Structure formats: C-alpha cells, structure tokens
Amino acid sequence: MRVLSIMAASAAANDGLMAAPLKALQTQLAMVEHTVKAAGKVTPGVYETVKKMKNMVEQVIEPAIVDAHNADQELIYVTFKEIVAEDTQYRSFVDTVIAEGWKILNSTKSKWTTCGVDVEVLKSRFSECLDHRDSLVQHNNTVCCQEYAMCPHDGDCEVVKLDQAHVGCDYKSRHPEECVAHAQKLISSLKGYFQEQDERFEALHEQCTKFNAAVKAKVAECAYLQEAVNAKVAEVLQITEEINGGGQKMMNDSKQRCIDYKIGRKTKEAQYLSVAGPCEQGDYASGNGCVMNREADRRNEWESTQLIKCMLEHYCQGGKFDEELLEKCKKEIHSCHLVIDYPRVPELIPCEIPECESCPGCDECLDRPYYQYQTPCYAGPPAEGCVAVEKPECPGWC
C-alpha cells in the first residue's frame with residue numbers, strides 16, 4: 001500500500017531523466033517491504049539492500065538531477081544573453097556611431113555657418129567695390145569725353161581760321177605792312193584764349209589719366225573680391241555637400257541598422273522561448289523538449305526520490321514505515337532549489353533614426369557690366385556739349 005502511494009507520487013516522472021533508476025528503486029522497495037513484512041523485521045540482507053538503495057539515491061540520482069538542473073539553468077542564461085547582446089550592440093551603435101555622426105555633422109554645420117557669414121561679408125565688400133568702380137567709370141567717361149572734345153586726335157586740336165583776319169584790310173588802298181599789322185593785332189587777341197584752352201586741356205588730360213588708372217585699380221580690386229567670393233562660395237558648396245551627404249548616409253545607416261536589430265532581436269527571442277518553453281512533451285533522454293518541461297520532470301523525480309529515501313531511512317532506523325511516516329516525509333520534501341530562473345525578456349529598444357535637414361547652398365557672385373571710355377565717344381562734336389554719365393551704362397552717343 002505504501003509503495004503504491006510512492007509509485008503514484010512519482011508517476012509524473014516516468015518520462016524524466018531518472019525514469020529508469022526510479023523504476024528500479026520502486027521495484028526494489030516493493031521487494032524490501034514484502035521481505036520485511038514476511039520476516040517481521042529488517043534482516044541483515046534487507047539492511048544491506050536498503051543501504052545500497054540509499055547510496056544510489058545520494059550518489060547517483062540526486063547529483064544527476066542537480067547537474068541536469070544546472071545545465072538547463074546555464075542554457076537559459078546563455079540563450080537569454082544572446083537577446084541582451086542584440087540590445088547591447090544596438091545601444092553601442094546609438095551611443096557611438098550615431099553620436100559620432102552628430103558630432104561630425106554639428107562641427108561641419110558650424111563651419112558651414114561661418115563660411116556663410118564670410119560669403120555675405122565678401123559679397124557686401126564686392127557690391128560696395130562695384131558701386132565705387134561704377135562711380136569712377138562715370139567720372140572717367142565724363143572727363144575723358146571732355147578731353148576728347150577739345151582734342152580728338154594728337155595735333156588736331158581747336159583751329160581758328162585766319163581768313164577772317166583779312167576782313168577790313170584793303171590791300172589795294174593800304175600798304176602791305178598795314179595789313180600785316182592789322183592781322184597781328186587780331187592774332188594777339190587770340191593768344192590768351194589759346195593759353196587758357198591749353199591749360200584746361202592739360203587739366204582734363206591729367207584728370208582723365210588719373211581716372212583711367214583709378215578705374216583699372218578698382219576693376220582689379222573688384223575682380224580679386226569676386227574671386228574671393230566665388231572661392232568662399234565653392235567652399236560653402238563643398239561643406240553643404242558633406243553635410244547633406246553625411247546626413248543622408250547616417251539616416252540610411254540608422255534605418256538599416258534598425259531593421260537588422262529588429263530581425264536579430266526577433267530571432268533571438270524566438271530561440272529563447274523555444275528553449276525555455278513551455279512545449280509539447282519530448283524525450284528527455286534524447287535532449288528533446290524544453291527547459292520548462294524538463295524542470296517539471298526533475299522536480300517530480302526529486303520529490304519521488306526523496307520520498308523513497310525517507311522511507312529507506314525509516315526502515316534503517318526502526319524497521320518499519322507506516323502511512324503516518326509517509327505523510328510526514330511528504331511534508332518535509334521540497335524542490336525549490338530546482339526551480340529555473342527565467343529572466344524576463346526586456347522591451348525592444350526604440351529605434352533612433354536621425355532626421356538631418358539639408359543645408360542650402362549659395363550662388364556665386366556675378367559681376368555687373370560697366371563701360372569705360374576707350375574709344376572716341378562720338379564721331380562728331382555733341383550738339384549740346386559733353387554728356388555726363390549718371391548710370392553705369394553706355395550712353396546712346398557712345
């Protein structure tokens with residue numbers, strides 16, 4: 001009757017790791033109980049058998065169950081660590097790759113901002129230079145046109161015809177000397193006029209020469225500033241390309257890394273759940289099944305084994321084992337040390353996808369046309385004198 005109770009308690013462990021040894025113990029225990037009952041006491045032969053059975057429990061079955069428990073616990077931890085490794089690798093990507101990417105992008109954006117300010121400063125200087133250049137061109141055109149009006153060609157300046165000087169001198173009635181004196185008197189009156197015109201021409205010529213030189217110098221200065229602007233613009237455009245390209249690459253890499261992380265994490269979770277269980281009943285001895293099933297089998301095996309061990313100890317001590325002792329043994333048996341720790345699967349780490357705004361480029365600085373006096377402004381003298389150029393554009397008479 002007592003053996004039947006023990007066999008009923010261990011029925012759930014029939015597919016466990018220790019199913020065969022337990023079955024052998026149960027058979028031997030039935031023989032021991034039968035022998036003790038027949039003899040009315042524990043004989044020396046029965047005592048030796050009981051000692052061997054107890055040794056088998058303590059030296060074979062118990063260590064085997066504990067080792068199997070430890071192996072499964074390690075398997076759970078190892079499998080769980082693969083999930084943690086996926087999380088760790090993704091956190092490392094966020095903390096290193098993305099963080100370093102932001103650091104580089106922010107540094108490059110700082111350069112871009114500085115270059116943008118430099119471009120605006122250079123453009124302002126270039127625009128101011130063009131204004132000064134155009135003002136010089138206006139004065140240059142006016143002064144040089146006035147010079148040309150006085151003397152269009154070398155040696156071809158203002159001419160006064162002396163034919164009119166003969167008017168009022170009758171060669172027939174007067175002596176030639178009188179007519180010559182009359183002509184000299186007329187010529188003498190023009191001397192001051194020509195001296196004044198000559199001085200005015202020299203002054204205009206000097207101003208024209210200075211303005212020509214000033215215009216050329218200002219044109220060269222503006223050309224230098226234009227090159228400086230365009231060079232700085234090219235630098236801005238290159239930095240813009242680095243920012244936009246780097247930002248896009250970081251976004252693409254982050255998206256792909258997120259996809260890889262989710263796939264890897266899902267695979268490791270499925271592997272962990274498959275190892276942990278629960279699952280359909282498998283063949284323990286062949287390694288099939290899952291840890292939760294094997295854990296339940298081991299706990300049943302342990303409790304059955306401890307019940308047999310308790311019964312054997314009572315046989316050795318008093319030569320008997322009744323229902324009261326059986327119930328007492330059951331209360332003292334526990335298998336908490338064989339409970340597997342199943343770490344909880346952490347929440348999936350939210351993916352971090354940087355949003356990198358594109359930086360605009362800037363246009364190159366374009367020069368505006370100007371017209372400088374280089375050729376005669378007109379074929380003939382202007383009707384109302386030389387025209388002053390108020391705007392940097394070619395006058396209609398040029």
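Q: Glu196, buried or exposed?
A: Glu196 counts as exposed because its relative accessibility is 53% (buried is under 20%, exposed over 50%, partly exposed in between; 1.4 Å probe, protein chains only). The model is predicted: local features need pLDDT of at least 70, side-chain atom pairs pLDDT 80 or more, while totals for chains, interfaces and linings use all residues. Numbering starts from 1 along each chain as its sequence is written, and side-chain values use heavy atoms, without hydrogens and water.

Q: Where is Glu196?
A: In helix H4 (helices are DSSP runs of H or I, at least four residues, numbered from the N terminus).

Q: How many salt bridges are there?
A: There are 16, each a side-chain nitrogen of Lys or Arg within 4 Å of a carboxyl oxygen of Asp or Glu.

Q: Which residue does Asp72 pair with?
A: Arg294, with the closest N and O atoms 2.9 Å apart. Asp72 is in helix H3 and Arg294 in helix H5, so the salt bridge ties together parts 222 residues apart in sequence.

Q: Are those two buried or exposed?
A: Asp72 is buried at 6% relative accessible area, and Arg294 is buried at 11%.

Q: What about Glu62 and Lys309?
A: Their side chains form a salt bridge at 3.3 Å, N to O. Glu62 sits in helix H3 and Lys309 in helix H5, 247 residues apart. Glu62 is buried at 12%, and Lys309 is buried at 14%.

Q: And Lys210 with Glu206?
A: That salt bridge is 3.4 Å, N to O. Both residues lie in H4, four residues apart, about one turn of the helix. Lys210 is exposed at 55%, while Glu206 is partly exposed at 46%.

Q: New topic: where is the cis peptide bond?
A: Between Gly277 and Pro278, with omega about 5 degrees. Pro278 lies in the loop between H4 and helix H5.

Technical notes:
Helices (H or I, at least four residues) and strands (E, at least two) are DSSP runs, numbered from the N terminus.
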